[in-house]
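This report walks through selected parts of the structure shown below. It begins with a single residue and its surroundings, and then turns to helices, a loop, domains and the contact between chains.

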Number of protein chains: 2
Amino acid sequence: MEIDVALVRAWAQRAGDMLLRSYFNQVSPERKLDRSLVTAADRAIEDWLRDQIVAYYPHHGIIGEERESVGLDREYVWVIDPIDGTSSFVSGLPMWAVSIGVLRHGQPVVGVIVLPVLGDCYWAVVGGQAFWNDTPIQVAPPQPPGPNDWIAIPSTFHRAYTIHYPGKVRVLGSVAADCCYVARGQAKAAIIGRAKVWDVAAGWVIVQAAGGVVCPLEGELPDWLTLLQMVRLPTAVVIGHPHQVSQVCAWVKRIVP
Amino acid sequence: MEIDVALVRAWAQRAGDMLLRSYFNQVSPERKLDRSLVTAADRAIEDWLRDQIVAYYPHHGIIGEERESVGLDREYVWVIDPIDGTSSFVSGLPMWAVSIGVLRHGQPVVGVIVLPVLGDCYWAVVGGQAFWNDTPIQVAPPQPPGPNDWIAIPSTFHRAYTIHYPGKVRVLGSVAADCCYVARGQAKAAIIGRAKVWDVAAGWVIVQAAGGVVCPLEGELPDWLTLLQMVRLPTAVVIGHPHQVSQVCAWVKRIVP
């Protein structure tokens, strides 16, 4: 494969550093960190990432949140999210991420996620191990939840579902971060809402390289080429160890309207 | 009042730096960050904080999580939590805090909370303003929730309650952090479970100095001298703007067993 993952890690780190230094918590009486400033940050970083990709890999396609897609039918397609967790970012919360995934022939093959406030990088190349910085990581083995075990859930989950999980739940505020903590075995599983493709492209590579699976909560997941056209996932999904996700699905009940 | 809040801020920052440098995410194949290492970290930092307090304020009382209480009947009592959010800390999550509160004649008068991963300090002295570092802060005014507005809830809330909040919910993993984000007006409110006194002593000073109130979800809150004896709050509480907390209480329903 022609992707240099060390280069992608360096781009994600650099993008995170720029966001930390120039935008995150840069509030003053004159300049409040509102949605418009975050949109400006999102666009500036996406443009910078696109410039790097085009310079090094001019024949690849790119899809991202802020700009038009390019070449979605090409062999390689980059799926980028300059700020995953913009609502966290706006609130001054630490959980937001730079997420860069690469598909080849419609299959996710590289995932790199940087959590800039923590200085952590999670990454994987398909067929290899998943890493937290330079440490190999694995999803948690399935076992009955202890009182301090936790799963990650979406911030709007309470509106449509109840969950009978006997441990703790957390709402981290970033789908990419959910994937990282599942891959590292700290979260026992995560429920991901109907996310956009750029929220999950990198994370799913990392979770799968760490021994996890992606299981739709309802129905089935189409292939990635279809997902790129749909942009938003058709269903919520559960990620985690193959024997854990079915248990989590069983704990979730839709609230009867 | 005889408390030097700049000194307390410096202690909390130093304690946070020690935790970051020597304990947080210090994992290796030989040394996993498990509960026993966190207990060691908790004790080492509480001992260090107690040493500072005794050296500067030898006639004050102290209550903390890890060691025996001293002089709870004295004019000043320090209420300290070296790591609020130990479960977050163990999981490598960024939301954990050093929390230092001071009571005088049974009334909370000083609150200092440091979030070491973010490098943020939230603090207040009773009768004055609340601050995020050097910026004055205030709780959010009550208004109908927008789609990106959020409230903080406890990690075990799903087991006993449903919440019909039309915005987002987040589980940050630290009660002290919940208080900080409410005081800063980023969280519109927070529901705090049946926390320990050292989880909330500093946070409530900061929330109240920022214009917020503490409202029990059920029953009434006893005075602080009684709370110090009880250690754990007798009820969950809601914190936020005075006109917001009653609305949040109305959104919460106990699940019929």
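In this predicted model, B:Val245 touches B:Ala189, B:Val213, B:Cys215, B:Val238, B:Ile239 and B:Gly240, when residues up to four places away in sequence are left out of the count. B:Val245 belongs to helix H8 of chain B, which covers residues 242–251. Because 25 C-beta neighbours lie inside 10 Å, and 20 or more are needed for the term, B:Val245 counts as buried. The C-alpha atoms of B:Val245 and B:Gly212 are 9.0 Å apart in space, although 33 residues separate the two in sequence.

What is the surrounding of a residue in a loop of chain B, B:Pro147, buried or exposed? B:Pro147 is placed in the loop between strand S7 (135–137) and strand S8 (150–152) of chain B. B:Pro147 is exposed, because 10 other C-beta atoms lie within 10 Å of its own, and the term applies at 12 or fewer. Along the chain B:Pro147 and B:Pro166 are 19 residues apart, while their C-alpha atoms are separated by 7.6 Å.

Two helices, one from each chain, can be read in a similar way. Helix H5 of chain B (residues 175–183) is largely enclosed by the rest of the structure, because 9 of its 9 residues are buried. Among these buried residues of H5(B) are B:Asp178, B:Cys179, B:Cys180 and B:Tyr181. Just after H5(B) comes B:Gly185, which takes a positive phi of about 80 degrees.

Helix H6 of chain A (residues 197–209) has 13 residues and reaches 18 Å from its first C-alpha to its last, which is close to the 18 Å expected at 1.5 Å a residue. H6(A) nevertheless bends by about 30 degrees at A:Gly203. As 13 of the 13 residues of H6(A) are buried, this helix too is largely enclosed by the rest of the structure. H6(A) is followed by A:Gly211, whose phi is positive and lies near 95 degrees.

At the level of the whole chain, chain A is divided into domain 1 (5–134) and domain 2 (150–254), and the C-alpha centres of these two domains of chain A lie 20 Å apart. The contact between them takes 37 residues from domain 1 of chain A and 26 residues from domain 2 of chain A. On the side of domain 1 that touches domain 2, the elements of chain A that give two or more residues include strand S1 (61–64), strand S2 (76–84) and helix H3 (86–91). S4(A) provides the largest share of that side, with 8 residues.

Between the chains, 22 residues of chain B are in contact with 22 residues of chain A. On the side of chain B that touches chain A, helix H3 (86–91), strand S9 (161–163) and strand S10 (168–170) of chain B each give two or more residues, and S10(B) gives the most, with 3 residues. The table sets out the make-up of two contact sides.

| Side | Nonpolar | Polar | Charged |
|---|---|---|---|
| Chain B, touching chain A | 10 residues | 10 residues | 2 residues |
| Domain 1 of chain A, touching domain 2 of chain A | 23 residues | 11 residues | 3 residues |

As for confidence, chain A averages a pLDDT of 93, and 96% of the residues score at least 70. For the complex, the predictor gives an ipTM of 0.93 and a pTM of 0.95.

Terms used: Residues numbered from 1 in each chain as written. Chains lettered and ligands numbered in written order. pLDDT = per-residue confidence, 0-100. Contact = placed C-beta atoms within 7 Å. Helix = DSSP H or I, 4+ residues; strand = E, 2+ residues; numbered from the N terminus. Nonpolar A, V, L, I, M, F, W, Y, C, P; charged D, E, K, R; others polar. Domains from an automatic or database assignment. Expected span 1.5 Å × (residues − 1). Bend = angle between axes of the 7 residues up to and from the residue.
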